[in-house]
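Reader: I would like to go through this model with you, taking loops, charged pairs and contacts in turn. Could you reason through each point before you give the value or name?

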Amino acid sequence: TLTQIQNLAVTLEDVGRNVEALNLEQSLLETSKRVLGEEHPDTLIRMGNLARTFWDLNRKSDALELEQYLLVTQKRVLGEEHPDTLRSMQNLSSTFRHLNRCNEALNLQQPLVETSKRVLGEEHPDTLNRMYNMVKTFRQLGRYNEALDLQQSLLEISKKVMGEEHRDTLFEIQDLAQTFWDLGRQSDALELAQTLPPALRNFLDKETHINPPVGNHNLLRMKKKIWKAVKDTGLHVRQSLRKIVRN
């Protein structure tokens with residue numbers, strides 16, 4: 001019965017009925033604590049699901065409270081290097097960052113990246129994602145030189161593992177160019193931007209009416225929106241481009 005309630009809550013979330021999902025998940029978590037115990041693996045999963053729903057509803061302070069308790073419990077019950085524990089560290093650091101508590105986020109992200117490198121390997125997708133999240137925190141703190149060092153390493157790994165024209169590699173090129181720009185290194189930023197695939201590089205030029213790469217229909221649909229965002233160099237389209245390519 002509890003599993004079916006959990007499945008229904010997930011489905012409600014999938015169709016955007018988050019408030020109904022929240023009501024189910026809150027009741028489910030209390031029942032799970034009483035029937036299975038606060039440290040049962042199913043209870044911990046349900047706690048994480050409830051935290052995610054709070055997050056989706058922009059109730060990040062409520063999510064934070066749950067995530068902090070969850071992480072402490074998982075470290076004790078599962079161990080500090082368990083995949084679920086590492087995932088909870090990542091979620092909690094993301095919540096801290098979105099609440100503009102970036103130093104607390106960084107205090108979690110730095111050991112998380114090191115543990116992820118050791119346990120999963122430097123080229124594992126989860127490790128790369130955690131490195132990228134730490135870049136965002138450095139940038140939010142205005143620590144652009146530290147972000148730059150990490151981004152350069154991240155870009156090299158991305159090229160090696162996924163290839164020079166993989167979408168994640170393109171994201172890294174865009175972000176690294178932006179960091180160069182923020183550091184006043186415009187020539188480095190522009191030089192790096194020139195390493196983008198020709199079709200994409202031409203697309204960034206508002207004077208060039210070239211069609212985007214085959215299959216990337218979102219680029220075509222969003223062309224006017226991107227051109228409006230372009231200023232002097234085209235580097236300012238980074239955020240819009242990220243959303244389009246990820247779609």
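Author: Let us begin with R59, keeping in mind that the model is a predicted one. R59 has a relative accessible area of 35%, and since partly exposed covers the range between under 20% and over 50%, R59 is partly exposed.

Reader: With which residue does R59 form a salt bridge, and how exposed is that residue?

Author: The closest N and O atoms of the pair are 2.9 Å apart, and the cut-off for a salt bridge is 4 Å. The partner of R59 is D62, which counts as partly exposed, its relative accessibility being 29%.

Reader: How many salt bridges does the structure hold?

Author: In general, side chains of opposite charge can pair when their charged atoms come close. For this structure, the number of salt bridges is 13.

Reader: Which residue pairs with R76 in a salt bridge, and how many residues apart in sequence are the parts that the pair ties together?

Author: R76 pairs with E39, and their closest N and O atoms are 2.3 Å apart. R76 belongs to helix α4, whereas E39 sits in the loop between α2 (18-36) and α3, so the salt bridge ties together parts whose separation in sequence is 37 residues.

Reader: Are R76 and E39 buried or exposed?

Author: The relative accessible area of R76 is 52%, which makes R76 exposed. E39, with a relative accessible area of 37%, is partly exposed.

Reader: Where in the chain do E123 and K160 lie, and what is the N to O distance in their salt bridge?

Author: The side chains of E123 and K160 meet in a salt bridge, with a distance of 2.8 Å from N to O. The pair links distant parts of the chain, 37 residues apart, with E123 in the loop between α6 and α7 (125-140) and K160 in helix α8 (residues 144-162). As for accessibility, E123 is partly exposed at 36%, while K160 counts as exposed at 65%.

Reader: Which residues does E122 touch, and what separates its C-alpha atom from that of L154?

Author: E122 lies in the loop between α6 and α7, and its relative accessible area of 37% makes E122 partly exposed. Leaving aside residues up to four places away in sequence, E122 touches K117, T127, L128 and I157. E122 and L154 are 32 residues apart along the chain, and the separation of their C-alpha atoms is 9.6 Å.

Reader: What is the phi value of N58, and in which loop is N58 placed?

Author: N58 is a residue other than glycine, yet its phi is positive, near 65°. With a relative accessible area of 57%, N58 is exposed, and its place is in the loop between α3 (41-56) and α4 (60-77).

Reader: Where is N100 placed, and what is its phi value?

Author: N100 is found in the loop between α5 (83-98) and α6 (102-119), where N100 counts as exposed at 57% relative accessibility. N100 is a residue other than glycine, and its phi is a positive value near 65°.

Reader: How many aromatic pairs does the structure hold, and which residue lies over the face of W55?

Author: Ring centres must lie within 6.5 Å to count as a pair, and the number of aromatic pairs in the structure is zero. Over the face of W55, at 4.2 Å from the ring centre, lies K60.

Methods. Residues numbered from 1 in each chain as written. Predicted model: local features only at pLDDT ≥ 70, side-chain atom pairs only at ≥ 80, totals over all residues. Heavy atoms only, no water. Helix = DSSP H or I, 4+ residues; strand = E, 2+ residues; numbered from the N terminus. Buried < 20%, exposed > 50% of the residue type's maximum accessible area, 1.4 Å probe, protein only. Phe/Tyr/Trp six-rings, centres within 6.5 Å; stacked < 30°, edge-to-face > 60°. Lys NZ or Arg CZ within 6 Å of the ring centre and 35° of its normal. Contact = heavy atoms within 4.5 Å.
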